[in-house]
Amino acid sequence: MAIVFEKTKGLTDVQTHYCPGCTHGIIHRLVAEALEELGVLDKAIGVAPVGCSVLAYKYFNCDMHEAAHGRAPAVATGIKRVLPDNFVFTYQGDGDLASIGTAEIVHAAHRGEKISTIFVNNAIYGMTGGQMAPTTLVGQKATTAPFGRDEAHCGKPIRMSELLATIDGAKFVERVTVISPAHVRKAKKAIKECFKVQIEGKGFGIVEVLSTCPTNWGMTPTEALKWLEENMIPYYPLGNFKRPEGVE
Amino acid sequence: MAKVLMKGNEAVGAAAIEAGCRYFFGYPITPQSELPEYMARELPKVGGVFLQAESEIAAINMVYGAAGAGARVMTSSSSPGISLKQEGISYIAGAELPCLIVNMMRGGPGLGSIQPSQTDYFQATRGGGNGDYRVVVLAPSNVQELVDLIIEGFDIADQYRNPVMILGDGMIGQMMEPVEFKKPKQRELPPKDDWITNGTKGKRKPHIINSLYLAPEELEAHNIKLQEKYRKIRENEVKVESYNIEDADVVIAAYGTTARIVKTAISQLEREGYKVGLIRPITLWPYPYDEFKKINPQCKGILTVEMNTGQMLDDVKIAVEGRFPVYFHGRTGGMVPTPNEIIEKVKRIHGGEM
Ligand SMILES: Cc1ncc(C[n+]2csc(CCOP(=O)(O)OP(=O)(O)O)c2C)c(N)n1
Ligand code: SF4
Ligand SMILES: [Mg+2]
């Protein structure tokens, strides 16, 4: 019988701690498959963030370095400058990348650091229990925005892909999601293309993945997928913002 | 090798390169900018990398990454920048990685001034970042010693897998003195291949650099292991210069450039017939507490002299254990204690007037 699905070597056999229905798990799988399929798993060094994916270092089957909250791009810079022939990626949440770590991500991109970033945007601080993130939608409730995010009080949610796409050093920027099999396939394609930008030495690449947090959104997994589609995608349009010239 | 005349900050760079350091991540701040400038010029010539980070926070986290990847790596800054590095230093200590951090101290608190000071003693020796961790703190008092401690500092960091800090002040960074580059004492340095993150190459299990231990038993075990390492450092790495303490009527404790001023005062006092000793800690952590046990039991008092309002003073009191009265003389903000001020204090202690 032909094998139609096999677990990637890019993931360890450890059971993850993610909540049921959380899409962090799917994103892990896509990243791991991309590492394996591109043949870089053996020379990959991943940088884990602080956030729900803080334990990513237990799940990816490659060398891993656990960074402080938001500092993953700086840690990755240090690794890549020492080991330019290795493959270095960061995996970061929206609080990590778009709030406390904005300076680090903007300047890593700006330097054209040859690293790849997977940015998991779930519009909330998942790990700490559902506080408002810089990406929380206007009107969306969070424990620190109990009446919903008020634009007059704390502005609109930040669109990191659009922001980073304006930076010359960022060579690949795409926003995807994983709410349906079709979306999952597209997400994987984007992650592989992003990783190739690093492998070919072209510069910085990032894939923003719109992700669910059923637990802190207070929804069932299917409600969360629907909420993401109806509320997040209109504000965070999917698609490629940038790819190296001459590449389709 | 012949002696060369070098400015302190540049001598740090030359010594680091001599020690095999090839990676420097930093952010400009007076009074240490000659060091990143020197590294920007010199590191590419030896195949190394100098990178100006967007902030001291980023710089220390780049050090964290580079150290994890197995490199001899350093950063430098001055007081306000060192404050920003504390998060990273805590992570590096927690993850047990070697690196060298230079602090050419300036006046504080806040933006303070750009004048030399010793106001970061507490921050350097008591942590600064969160958690039960220790950083080896080396305090040179001249440019030659600065060079020697930089070279040995990298070895200490590698031997114990621990951050090492050079605590200088703006004065030592700026002064020019002749130096020579000597081999440090031979040490058995452990191999790095069994923990660095440089890719599995399909030949080994993944390595993980980490300071997170969610299970209380595991974190406690990790802390016990760290404390055991710190005990070994206390046992093996204390460095101190002392002078005439078995015979002195008054002993002065001072470190760094302040100790040089103290030596001038002591020479003058000796010419006038006073018996004055000196304890100059070279390692501020581990602190040379035991040295104070050798002090003449008839000694009339210990005078601590610092360019701050009394920080090492706490360690002197711990060391003395109430056996002698402890006095303090300090100037701050870039004001430097003068030999005359020190001479006057010693005479008053000697005469029982304090
Ligand atoms: C310096 C620092 N500040 C705050 C925290 C607490 N903290 C841990 S995770 C987190 C938010 C993570 O949110 P995000 O990056 O969106 O990841 P998610 O959990 O949603 O995947 C915060 C604020 C910390 N660990 N360190
Ligand atoms: S809290 Fe949210 S982001 Fe975190 S694992 Fe649970 S569902 Fe996922
Ligand atoms: Mg989040």
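**Cavities and the ligand site**

The second largest cavity is bordered by Ala71(B), Arg72(B), Val73(B), Pro98(B), Cys99(B), Phe154(B), Ala157(B) and Asp158(B). Like everything described here, this lining belongs to a predicted model. Helix α6 of chain B, spanning residues 143-160, supplies the largest share of this lining, with three residues. Sorted by class, the wall of the second largest cavity holds six nonpolar residues and two charged ones, with no polar residue. Arg72(B) and Asp158(B) are the charged pair in question. The volume enclosed by the second largest cavity is about 30 Å³.

It is helpful to set this space beside its companion. Two cavities of 30 Å³ or more are counted in the model, and the largest of them has a volume of about 40 Å³. Around the largest cavity stand Gln86(B), Ile89(B), Gln123(B), Ala124(B), Gly127(B), Tyr133(B), Val135(B) and Met165(B). Two elements of chain B, α4 (79-95) and α5 (121-126), each give two or more residues to that lining. In character, the lining of the largest cavity comprises five nonpolar and three polar residues, and no charged residue is found there. The three that count as polar are Gln86(B), Gln123(B) and Gly127(B). Charged residues are thus absent from the wall of the largest cavity, whereas the wall of the second largest cavity includes two.

Attention now turns to chain A and ligand 1. A shell of 16 residues surrounds ligand 1, and the closest are Cys52(A), Asp94(A), Gly95(A), Asp96(A) and Gly126(A). Helix α4 of chain A, covering residues 94-100, makes the largest contribution to the shell, namely four residues. By class, the shell around ligand 1 is made up of eight polar, six nonpolar and two charged residues.

Several polar contacts can be followed atom by atom. The side chain of Asp94(A), one of the closest residues, places an N or O atom 2.5 Å from an oxygen atom of ligand 1. Cys52(A), also listed among the closest, takes part through its backbone, where a polar atom is 2.8 Å from an oxygen atom of ligand 1. A further backbone contact comes from Ile124(A), with an N or O atom 3.1 Å from an oxygen atom of the ligand. Taken alone, ligand 1 exposes 590 Å², of which the protein buries 76%.

Note on methods. Residues are numbered from 1 along each chain as its sequence is written. Chains are lettered from A and ligands numbered from 1 in the order in which they are written. This is a predicted model: local features need pLDDT of at least 70, side-chain atom pairs count only at pLDDT 80 or more; totals for chains, interfaces and linings use all residues. Side-chain values use heavy atoms; hydrogens and water are left out. On a 1 Å grid over the protein atoms alone, a cavity is a set of points where a 1.4 Å probe fits but cannot get out, and a pocket is an open set with protein on both sides within 12 Å along at least five of seven lines; lining residues have an atom within 4 Å of a point. Grid points are joined across faces, edges and corners, and a volume is the space filled by probe spheres set on the points. A residue is near a molecule or strand if one of its heavy atoms lies within 4 Å of it. A polar contact is a pair of N or O atoms within 3.5 Å; within protein, one must be able to donate a hydrogen and the other to accept it, and residues adjacent in sequence count only if both atoms are side-chain atoms. Accessible areas come from the Shrake-Rupley method with a 1.4 Å probe; for residues, only the protein chains shown count as cover.
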